[in-house]
Structures are given as C-alpha cells and as structure tokens.
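Reader: I'd love a close look at one part of this protein, the strand sheet and whatever sits around it. Could you walk me through it as you would at the bench?

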Amino acid sequence: MEKKTNATPEGEVKNTQQIEEQVAMEIAAKEAEAKAVAGLAEKEAAKKAEELAAKKVAEKAAKAAAKLAAGEKTGEDGISKEAQHILADYPHENEVFMTSDGFGFFDEHDAIQHAKRLDDQDVVSVKRQEE
C-alpha cells in the first residue's frame, strides 16, 4: 500500500528556508558564545599576567631584604668595594666596569652586553683608588 503525501515543492522550499534560518540562528548563537568565552579567557590571562608581575616584584624585594638581613652590601657601595677587590687582583688594570649583579669587566662593551640580560642594566665604571 502506497502512502500519499500532501507535500508540494513549494512546501519543501518553505521547510528548507526555515531549516536554513534555524541553522543560521544557531551558528550566530555559537559565535556569540565563543566570543564571550574568548573575552573571559583574555581577562583571565591579563589577571594571571598581573599576578605574575606582582609575584616577581615581591620575590625581588624579598631577596634584597634577605641580603640586607645577612649583612651584605647592596647598591653602589657594594659594587665599588667589589670593583676594588678585582682591581687589587689585577694590578695592571686601572678601571673595571661593574654590572648590577656584581660581575666586573675590563672591557666596557662586554659589561654592557652582559648587563642587557639583567633587570638592572646599569654599568658602573670604577677606577683604581690612589693609595
């Protein structure tokens, strides 16, 4: 026995248009949802970056405080004293270029290149003290 349908080509076209509209609406909804999720992820990433930066600053401050508590000299006085120790070991040198991490170089270019990898990129020139 054959089933009869009342479907017409016009009805099929209308049904196809409704399906296309529904699919388009679903796609738009998914795109909006994806944008919202991306926005949240971006905000979360920015928050993590701020937290990491704050943590780095706190760690640096803690290290400086620990050095002071241990009686170590920091700043130019410590650099200058270290430079004089280096110059004492190398009597033929009259000047040393010091980086913030306490390394001394007799060549200024070498000191500058080394300092580029440091947070504090200052290079201090220290000359032998006359005795």
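Author: Happy to; here is the sheet, then one residue in it, then an aromatic pair.

Please keep in mind that this is a predicted model. To set the scene, the protein has three helices and three strands, and from the N terminus on they follow the pattern α-α-β-β-α-β. Of its 131 residues, 12% count as buried. The protein exposes about 11,200 Å², and carbon and sulfur atoms supply 54% of that area. Among contacts with a separation of 6 or more, 38% are between residues 24 or more positions apart.

Now to the sheet itself. The three strands form an open sheet in the order β2-β1-β3, and the pairing is antiparallel. At the edges stand β2 and β3 (123-127), each with a single partner strand, so one side of each has no neighbour in the sheet. Between β1 and β3, the antiparallel pairing runs over five bridges. If you want a spot to find on screen, look for Glu 95, which stands opposite Lys 127 in β3. Helix α3 packs on this sheet and touches β1, β2 and β3, with its direction at about 5° to that of β1.

A good residue to zoom in on is Thr 99, which has its place in strand β1. Is Thr 99 buried or exposed? With a relative accessibility of 1%, Thr 99 counts as buried, because the cut-off for that label is under 20%. Leaving out residues up to four places away in sequence, Thr 99 touches Ile 79, Phe 105, Ala 111, His 114, Ala 115, Leu 118, Asp 122 and Val 123. Take Val 123 from that list: Thr 99 and Val 123 are 24 residues apart in sequence, yet their C-alpha atoms are 4.8 Å apart in space. The side chain of Thr 99 also makes a polar contact, at 2.4 Å, with the side chain of Asp 101.

Finally, the aromatic rings. A pair of rings is described by how far apart the centres are and by the angle between the planes. The count here is one aromatic pair. Its members are Tyr 90 and Phe 106, whose ring centres are 5.2 Å apart and whose planes meet at 70°, so the pair is edge-to-face. Tyr 90 lies in the loop between α2 (75-89) and β1 (95-99), while Phe 106 lies in the loop between β2 (104-105) and α3 (108-115), so the pair ties together parts that are 16 residues apart in sequence. As for cover, Tyr 90 is partly exposed, at a relative accessible area of 39%. Phe 106 is partly exposed too, and its value is 33%.

Conventions:
Residues are numbered from 1 along each chain as its sequence is written. This is a predicted model: local features need pLDDT of at least 70, side-chain atom pairs count only at pLDDT 80 or more; totals for chains, interfaces and linings use all residues. Side-chain values use heavy atoms; hydrogens and water are left out. Rings of Phe, Tyr and Trp (its six-membered ring) pair if their centres lie within 6.5 Å; planes under 30 degrees apart count as stacked, over 60 as edge-to-face and the rest as tilted. Helices (H or I, at least four residues) and strands (E, at least two) are DSSP runs, numbered from the N terminus. Buried means under 20% relative accessible area, exposed over 50%, partly exposed in between (1.4 Å probe, protein chains only). Contact means heavy atoms within 4.5 Å. Accessible areas come from the Shrake-Rupley method with a 1.4 Å probe; for residues, only the protein chains shown count as cover. Two strands pair if DSSP finds at least two bridges between them. Axes are lines fitted to C-alpha atoms, for helices over the stretch in contact, and angles run from 0 to 180 degrees between N-to-C directions. A polar contact is a pair of N or O atoms within 3.5 Å; within protein, one must be able to donate a hydrogen and the other to accept it, and residues adjacent in sequence count only if both atoms are side-chain atoms.
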